[in-house]
Amino acid sequence: MFKFLKGVVAGSGSGIKDLPYNVGEPYSTAWGSWTHFRGTSKDDGSPVSIFSLSGSSAQDGHIIAGRNGVKRLRTVRHPNILSFLHSTEVEADTANGKHVIYIVTEPVIPLSEKIKELGLQGSKREEYYAWGLHQISKAVSFLNNDCKLIHGNVCLTSVVVTQTLDWKLHAFDVLSEFEVNSEAGASAMLQFEWLIGSQYKPMELLKSDWQTIRKSPPWAIDSWGLGCLIYEIFSGLKLAKTEDLRDTSAIPKSLLPDYQRLLSSNPSRRLNPAKLIDNGEYFHNKLVETIQFMEILNLKDSVEKDSFFRKLPNLAEQLPRQIVLKKLLPLLSSALEFGSATASALAPVLKMGSWLPSDEFNGKVLPTVVKLFASNDRAIRVGLLQHLDQFGESLSAQIVDEQVFSHVATGFSDTSAFLRELTLKSMLILAPKLSQRTLTGSLLKYLSKLQVDEEPAIRTNTTILLSNIASYLNEGTRKRVLINAFTIRALRDTFSPARAAGVMALTATASYYDMTEIATRILPSIVVLIIDPDSDVRTKALQAIDQFLQISKQYHEKMNSGDSHETSAVENTLIPVNTSLLGWAMSSFTAKGKTPEHGVATSIKSETPVAPAGSNTGSANKISDLTDHPAPPSPTSTDGWADAEQAAFDEDHRNKEEEGWDDVEPLEDFKPPSAPSAIIQAAQKRPVVNSAASSARAKPRKSTSSTPEEDDDLWGSAPVPPVKLVAKSTEDDPWASIAVPAPKTSSKPLTGPRSSVSAASVDESDPWAAIAAAPPTTRVKPLALGRGAKTKAAAPTKLGAQRIERNSGH
């Protein structure tokens, strides 16, 4: 039955040869003649407890009783009984015949030492003792009522505490069957009763009155032992004599009646341990009820679970902190991991986890949270994103890049706008931990699609996010993405906060642009916004113009001073300015981006989207009511932030959504003056009505514009009309030497209606007409008409026709 090993290495710290465990330092107390050691596994270093018992020979009474204890512990299994792992018997001294029995169990600590370590006081101590007594009572009831066994020596030393602070019963050397019909007496029942201290024996056992014992219920002896245990834990003293049990001053009043019944002088009237659990008023407290609910969580319906988890964060504040961290938190984490807990359990898990040191949080809570990202439950995903700020900093870059991002990214294309926006906002925390390959190959493609999302708030937040993560992009990606994203899309969005966000994003990322880009692409795009209908956009545009003009002045001064490193010098002067702007963007995003705990079905219009800081009250009102701003069609195709010329002419690639920015060449491969020239030309020509060309332009504008809004709004939903107007005019333009050459596919779109627009838009007899400013006398009125509601460029011609009709009538 037992495996005998020869040889013992000297010293308790060395352990036994061939035993897969290392024996450590002993505890100060243990039951009977056993010694309780700390130990570890040789395989993985996991902690264990090792109990050893020595005897003078193989037939020593303690060794025989120890073998009985090993056999009972191995065969009796219950959640509140010590878990058996391994055992062996060693002939320690061949010459003297000394034997040692080793039992390896789960890691535990003697109850008396754990009580001193916890140091609980007041109601918290009472609650913990109630939970511990509840567990030991269940173990004793299992032995007496279900197994018809008698433990024989329930006391303080026969109880140990696990790492999760559960109380467990052990010391089974005296354990025996309850032989009701046996006439053999002590030889068949409690044959090792001599190991029990006299102070723990009830009167019938002390007198060896086996006839009375056989007539008593199976729990009579162990109920007496429970009374001894209650006395010892509340008095804090080891029971010295039986008469001490009469001192009830330390016993709680709610437990006193049951305590007296457990110690009844009549064995048949002693309280059944099962009744102690059911009838004890003492056991009805918050800690016991909370742990009991968690242990039978699978039997509860979703309504009960949600109600419980909503109350749990506040309840945990009132419970003993160490019990919460070592007992409740592991139970809750396990329930979340294996699906028995609902999404509402995530909030209490993270709150409890925040009470742990960072290393323990990373080892006990974070692995469970990372696994939850793979869940298909939308409510779980929403909960993780809503609470990401509580654990996101603890996630390593490797975990985010390899395990988390792929699951989070599914939210970018979710049908729920609320989840899409939560996913977008989570990137503020996750993006800095992503590799360049993931940033440029995956994230930017998702952001490109979100910038033309049907929800205005999502488009606005995408621009804000992009400005915040710009510092994590490599230089080539920044040159290819930022200006196109902010000028071609954000500044032309029909949602005014999105345009304002685009302006602020350009100023926040100003240090990434050289003077050529500022002068030819950024400033022309912002200048147009000084006539924007929204006052907040106009204000931000003027502020941005001032900043970029200041940068231009600095550049000019550097050039005049003959500095050969003028570009780098200008960029260095921008750092202090951009620091404050980036700080604004980040604080605005995190402050307003923390959404309250909504359900999955919560509409996005109930949530205040992130908007640029400094917005006036009117803009804030516009952001909050998203239903008043219908989503415009994409100002460019959804294949990425393409260059203006590509957006106008590459019709074959405009619908390839999966391409992202991969089809966009680096900015240095293009000649930038073309795009701003197109914007300047469009801004100058649209409000100007030439008498010779007004009638010719009117019809093509109507045929190429799908809606009046697209026709009248420079930043509207039409796919960048200013660029199309300049495509053909470059042939006669003396500025063509510095303009971008026409794309190879330009002949394809020019064969359609666009060719008529381009032909009618440029006076071929005047090569300067394309960039000439409008006459001063006609500047104000056409601008008002161009930005008015559904006003066409041919309006002056129509007015002239009306005057002719009135004259002919007279």
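This is a short walk through the nonpolar cores, one helix and several paired strands of the structure above, which is a predicted model.

Let me begin with the interior. The largest nonpolar core has 165 residues, and those with the most contacts inside it are Trp167, Leu229, Phe391, Leu443 and Phe548. Helix H3, residues 122–146, supplies the largest share of this core, with 10 residues. If we take Phe391 as one example and leave aside residues up to four places away in sequence, Phe391 touches Leu350, Phe361, Leu366, Val369, Phe373 and Leu384. There is also a second, separate core of 10 residues, which includes Phe37, Val48, Val100 and Val104. As a general remark, nonpolar side chains in soluble globular proteins tend to be buried together.

Turning to H3 itself, this helix has 25 residues and reaches 35 Å from its first C-alpha to its last, which is close to the 36 Å expected at 1.5 Å a residue. Just after H3, Lys148 takes a positive phi of about 55°.

Now to the strands, and I would start with S4, residues 47–55, which is mostly covered, seven of its nine residues being buried. Which strands does S4 pair with? With S3, residues 35–41, S4 pairs in the antiparallel sense over six bridges, and here Phe37, a residue we met in the second core, stands opposite Ile50 in S4. The hairpin of S3 and S4 has five residues between the strands, and in this hairpin Gly45 takes a positive phi near 75°. S4 is also joined by seven bridges to S6, residues 98–105, with the two strands running antiparallel; in that pairing Ser49 stands opposite Thr105 in S6.

The other group of strands that I want to show is arranged around S9, residues 159–162. How do the side chains of S9 point? Val159 and Val161 point one way from the strand, whereas Val160 and Thr162 point the other way, and all are buried. S9 pairs with S7, residues 108–110, in the antiparallel sense over three bridges, with Val108 opposite Thr162 in S9. S9 pairs with S10, residues 167–169, again in the antiparallel sense and over three bridges, and in S10 the bridge partner of Val160 is Lys168. S9 and S10 form a hairpin with four residues between them, and Leu165, which lies in the turn, has a positive phi of about 65°. The residue with which S10 begins, Trp167, brings us back to the largest core, where Trp167 is among the residues with the most contacts.

Terms used. Residues are numbered from 1 along each chain as its sequence is written. This is a predicted model: local features need pLDDT of at least 70, side-chain atom pairs count only at pLDDT 80 or more; totals for chains, interfaces and linings use all residues. Side-chain values use heavy atoms; hydrogens and water are left out. A nonpolar core is a set of buried Ala, Val, Leu, Ile, Met, Phe, Trp, Tyr and Cys residues joined through side-chain atoms within 4.5 Å. Buried means under 20% relative accessible area, exposed over 50%, partly exposed in between (1.4 Å probe, protein chains only). Contact means heavy atoms within 4.5 Å. The expected span of a helix is 1.5 Å times one less than its number of residues. Two strands pair if DSSP finds at least two bridges between them.
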